[in-house]
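Okay everyone, thanks for coming. Let's have a look at a structure together, and I'll talk you through it.

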Amino acid sequence: MALLAALVLAVVAVALVAAPFLRPEPAPEPEADAFEGSVADLEHRKLEAYAAIRDAEMDFRMGKLSPADYETIKSKYTGQAIQALAALDHAEPAPASPPSGDAAPADIEIRFCPDCGTRRPDKARFCPSCGRGLRAAA
Ligand SMILES: [Zn+2]
């Protein structure tokens with residue numbers, strides 16, 4: 001039982017320590033305003049952060065960085081990448097959505113004969129009364 005409690009405590013402790021790194025705080029909305037740069041600038045910031053994280057990871061694996069330094073650099077650039085991504089969400093124009101509703105159908109339905117006013121039977125090509133062609137001009 002004591003072993004189980006110790007195990008649970010250990011897991012909780014590890015989770016608490018690892019949580020900030022595994023699940024970084026999302027950038028709060030107002031901070032997106034700090035990035036007034038263009039989309040290209042933001043992309044640059046994001047890629048720069050990714051590169052820095054990758055470099056730090058490599059240095060860490062090669063023993064050039066202490067774990068503490070590595071975590072500091074990683075969390076710093078992870079924050080930068082997240083902020084850049086959040087700002088990109090704001091900066092990038094919404095993808096062009098297809099227009100809702102029918103915008104000017106190519107084939108305009110003629111429901112009544114323009115000459116005599118007779119109601120056009122469904123799919124009729126000519127007015128049953130006066131013989132006028134009822135196809136929309138193609
Ligand atoms: Zn007609």
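So, which element is included in what covers the buried residues of α3? Find residues 39-61: that's α2, and α2 is part of that cover. Before I go on, please keep in mind that this is a predicted model.

Let me back up and give you the overall layout. The protein chain has three helices and zero strands, so to speak an α-α-α run when you start at the N terminus. Of its 138 residues, 9% count as buried.

Now, the helix I began with. α3 covers residues 67-91, which is 25 residues. From its first C-alpha to its last, α3 reaches 35 Å, close to the 36 Å expected at 1.5 Å a residue. Its buried residues are Tyr77, Ala81, Gln83, Ala84 and Ala87. Look at the spacing there and remember a bit of textbook: an α-helix has 3.6 residues a turn, so residues three or four places apart point the same way.

Over to the partner. α2 has 23 residues and reaches 33 Å, close to the 33 Å expected for it. Leu42, Arg45, Ala49 and Ala56 are the buried ones in α2, and they pack against α3. After α2 you come to Gly63, with a positive phi near 80 degrees.

How do α2 and α3 sit against each other, at what angle? They pack at about 160 degrees, and their axes are 8 Å apart. With the cut-off for roughly antiparallel being over 145 degrees, that makes α2 roughly antiparallel to α3. The crossing of the two is left-handed. Plenty of residues make this contact, including Val39, Ile53 and Phe60 of α2, and Tyr70, Ile73 and Leu88 of α3.

Let's zoom in on one residue, Ala81. What is Ala81 in contact with, leaving aside neighbours within four places in sequence? The answer is Lys46, Ala49 and Tyr50.

Ala81 and Ala49 turn up again in the largest nonpolar core, which has six residues in all. The others in that core are Leu42, Tyr77, Ala84 and Ala87. Which elements give two or more residues to this core? Those are α2 and α3, and α3 gives the most, with four residues.

One last number for the whole chain. Take the contacts with a separation of 6 or more: residues 24 or more positions apart account for 51% of them. That's all from me, thanks!

How values were computed: Residues numbered from 1 in each chain as written. Predicted model: local features only at pLDDT ≥ 70, side-chain atom pairs only at ≥ 80, totals over all residues. Expected span 1.5 Å × (residues − 1). Buried ≥ 20, exposed ≤ 12 C-beta atoms within 10 Å, placed from the backbone. Contact = placed C-beta atoms within 7 Å. Core = buried A, V, L, I, M, F, W, Y, C linked by C-beta atoms within 7 Å. Axes fitted to C-alpha atoms, helices over the stretch in contact; angles between N-to-C directions. Parallel < 35°, antiparallel > 145°, perpendicular 65-115°, else oblique. Left-handed = near helix turned anticlockwise from the far one by under 90°.
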